Amino acid sequence: MTAPAWVAADGTPLRADTPATLTDGERRWPVVSGIAWLRAGRDDVRERAVAALDDGDPDGAAVALLADADDWWDEPPPPPERLRAALHARTLRDAVTLLGLGRVGVYFLHRWSDPSWLAALALTAAHPPAGRPVVDLACGAGHLLRHLASHGHRDLVGVDVVFAKLWLAHRFVLPPGAASLVCADLTAPWPLPAPGRPRHVACHDALYFLPDKERVVERARAAAGEGGAVLLGHCHNATHPAGRSGLPLDAPGWTALLPGSATYAEEELTAAAVEDRVALPATPAELMGTEAIGLADDDAAAPPDRTLLRPAPGAALRPNPLYGDPGGPRGRIWPHVRWAEEYGPRAERYLPERWTPLPVADAVRRRLLLDLPDRW
């Protein structure tokens with residue numbers, strides 16, 4: 001697909017001055033692996049990457065960008081030689097290790113099993129794109145974009161502040177050419193051009209990390225345009241013991257960000273995905289007691305699409321790697337202690353303790369069978 005005409009912070013359209021750089025007439029921005037890197041406030045990174053591209057060293061530019069992390073990350077980047085080795089990784093597993101992504105890498109590898117992914121599917125199925133262009137904010141390694149692409153959705157854009165996550169999406173998760181990816185900070189002006197038609201704008205499992213949420217949601221509404229939709233998924237509830245990481249709000253705080261929206265409790269969204277049904281909106285009491293809140297505001301009131309709860313027809317389903325080698329004992333093993341603490345108590349409601357032969361439809365609902373990328 002053709003990438004959108006990205007814009008600078010002042011709205012100036014960017015143009016290509018070389019095959020691997022964009023410019024606004026004053027500054028230049030790198031484009032590596034087809035990913036435009038337009039992050040604000042990192043001029044040193046930008047200049048090193050552009051210099052490497054000008055020297056004919058795209059791998060050097062990639063290494064400069066792969067070393068850059070978000071402001072929450074608390075570990076040093078791997079040495080440059082290890083990042084160069086990551087460029088030649090053959091699997092998603094090898095790449096997240098070489099990139100030093102730690103707990104975030106575990107999250108990406110097992111995203112297809114965690115309850116917040118099921119909640120994202122349920123919220124999307126209840127308020128689907130319905131043919132509108134999609135913008136996935138804080139898209140990470142592109143799990144949702146891949147799912148939508150496999151269901152035939154086109155005109156997909158992924159935005160994330162961390163280049164390494166977008167590179168994983170491009171290299172291992174997304175089908176070639178399925179989505180346009182741009183590295184940008186949601187707390188700075190966005191590089192998206194004005195909507196030519198209504199968009200479906202989503203932000204799952206990320207908004208609670210961001211300050212000035214009002215501004216982010218305001219930009220999301222503007223990016224969606226009239227007739228568009230805004231979905232905010234897995235918004236941590238500050239009054240729930242499991243929802244206190246990041247910069248969470250309480251239920252009234254979240255609902256005030258998107259007045260008039262449909263609101264959902266995380267537990268209901270997860271249950272709806274497992275039970276293959278459309279999620280029910282939450283009562284005020286359910287919102288107050290939930291771990292995380294989902295919100296959806298769709299001007300077009302698109303009807304639910306239950307097919308988005310499942311892998312696309314014909315997907316090559318594979319046994320869930322949480323059950324180990326098919327020739328082994330096949331007991332369920334959580335991939336990391338942090339994963340177990342955050343997701344284990346709710347995941348064990350649908351992932352049986354031991355591998356259990358089930359009809360395919362039931363095995364898909366229980367996440368025993370997954371639609372993983374070919375090079376997982």
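A residue counts as buried when its relative accessible area is under 20%, as exposed when it is over 50%, and as partly exposed in between. Keep that in mind for the close-ups below, which all come from a predicted model.

**Figure 1. An aromatic pair joins Trp72 and Phe209.** Let's start with two rings. Tryptophan 72 has a relative accessible area of 44%, so it falls in the partly exposed class. Its partner, phenylalanine 209, is partly exposed too, with a relative accessibility of 28%. How are the two rings described? A pair of aromatic rings is described by the distance of the centres and the angle of the planes. For tryptophan 72 and phenylalanine 209, the centres lie 5.0 Å apart and the planes meet at 65°, an edge-to-face arrangement. The two partners are 137 residues apart and link distant parts of the chain. Tryptophan 72 belongs to the loop between helix H2 (58–66) and helix H3 (80–86), while phenylalanine 209 belongs to the loop between strand S8 (200–204) and helix H9 (213–224).

**Figure 2. Trp72, Tyr208 and Phe209 make one aromatic cluster.** Now bring tyrosine 208 into the view. Is tyrosine 208 buried or exposed? Its relative accessibility is 4%, which is under 20%, so tyrosine 208 counts as buried. The ring centres of tyrosine 208 and phenylalanine 209 are 4.6 Å apart. Their planes stand at 35°, so this pair is called tilted. Across the whole structure, a search finds seven aromatic pairs.

**Figure 3. The largest pocket has a volume of about 1300 Å³.** Fifty is the number to look for here: of the 50 residues that line this pocket, Val104, Lys165, Asp205, Tyr208 and Phe209 are the closest to its centre. You have already met Tyr208 and Phe209 in the aromatic cluster. Which helix supplies the largest share of the lining? That is H13, with seven residues. Helix H5 (102–109), helix H6 (115–126), helix H7 (143–150), strand S6 (156–160) and helix H13 (337–347) each give at least two residues. By type, the lining divides into 25 nonpolar, nine polar and 16 charged residues.

**Figure 4. The largest cavity holds about 140 Å³ of space.** Rolling a probe the size of a water molecule over the atoms shows where empty space is left. In this model, two cavities of 30 Å³ or more are counted. The largest cavity is lined by 13 residues, and the closest to its centre are Trp112, Trp117, His147, Pro311 and Asp371. H6, H7 and strand S13 (369–370) each contribute at least two lining residues. The largest share, three residues, comes from H7. Sorted by type, the lining has seven nonpolar, two polar and four charged residues.

**Figure 5. Helix H7 is mostly covered.** How many of the eight residues of H7 are buried? The count is seven: His143, Leu144, Leu145, Arg146, His147, Leu148 and Ala149. Among them is His147, which also lies in the group closest to the centre of the largest cavity. After H7 comes glycine 152, which has a positive phi near 90°.

**Figure 6. The second largest cavity holds about 30 Å³ of space.** Its lining is made of Arg111, Ser116, Ala119, Ala120, His204, Asp205, Gly233, His234 and Glu266. H6 gives the most, with three residues, and both H6 and strand S9 (229–236) supply at least two. Two of the lining residues are nonpolar, four are polar and three are charged. Look again at Asp205, which is also listed among the residues closest to the centre of the largest pocket.

**Figure 7. Two arginines lie over tryptophan rings.** In one part of this view, the charged end of arginine 46 sits over the ring of tryptophan 29, at 5.0 Å from the ring centre. In the other, arginine 330 lies over the face of tryptophan 355, and here the distance to the ring centre is 4.3 Å.

**Figure 8. Alanine 184 is buried in a loop.** Where along the chain is alanine 184 found? This residue is in the loop between strand S7 (179–183) and S8. Its relative accessible area is 3%, so alanine 184 is in the buried class. Setting aside neighbours within four places in sequence, alanine 184 contacts Leu38, Arg39, Val159, Asp160, Val161 and Pro191. For a sense of distance, take aspartate 305, 121 residues apart from alanine 184 along the chain: their C-alpha atoms are separated by 30 Å.

Notes: Residues are numbered from 1 along each chain as its sequence is written. This is a predicted model: local features need pLDDT of at least 70, side-chain atom pairs count only at pLDDT 80 or more; totals for chains, interfaces and linings use all residues. Side-chain values use heavy atoms; hydrogens and water are left out. On a 1 Å grid over the protein atoms alone, a cavity is a set of points where a 1.4 Å probe fits but cannot get out, and a pocket is an open set with protein on both sides within 12 Å along at least five of seven lines; lining residues have an atom within 4 Å of a point. Grid points are joined across faces, edges and corners, and a volume is the space filled by probe spheres set on the points. Helices (H or I, at least four residues) and strands (E, at least two) are DSSP runs, numbered from the N terminus. Ala, Val, Leu, Ile, Met, Phe, Trp, Tyr, Cys and Pro count as nonpolar, Asp, Glu, Lys and Arg as charged, and the others, Gly among them, as polar. Rings of Phe, Tyr and Trp (its six-membered ring) pair if their centres lie within 6.5 Å; planes under 30 degrees apart count as stacked, over 60 as edge-to-face and the rest as tilted. Buried means under 20% relative accessible area, exposed over 50%, partly exposed in between (1.4 Å probe, protein chains only). A charge sits over a ring if NZ of Lys or CZ of Arg is within 6 Å of the ring centre and within 35 degrees of the ring normal. Contact means heavy atoms within 4.5 Å.
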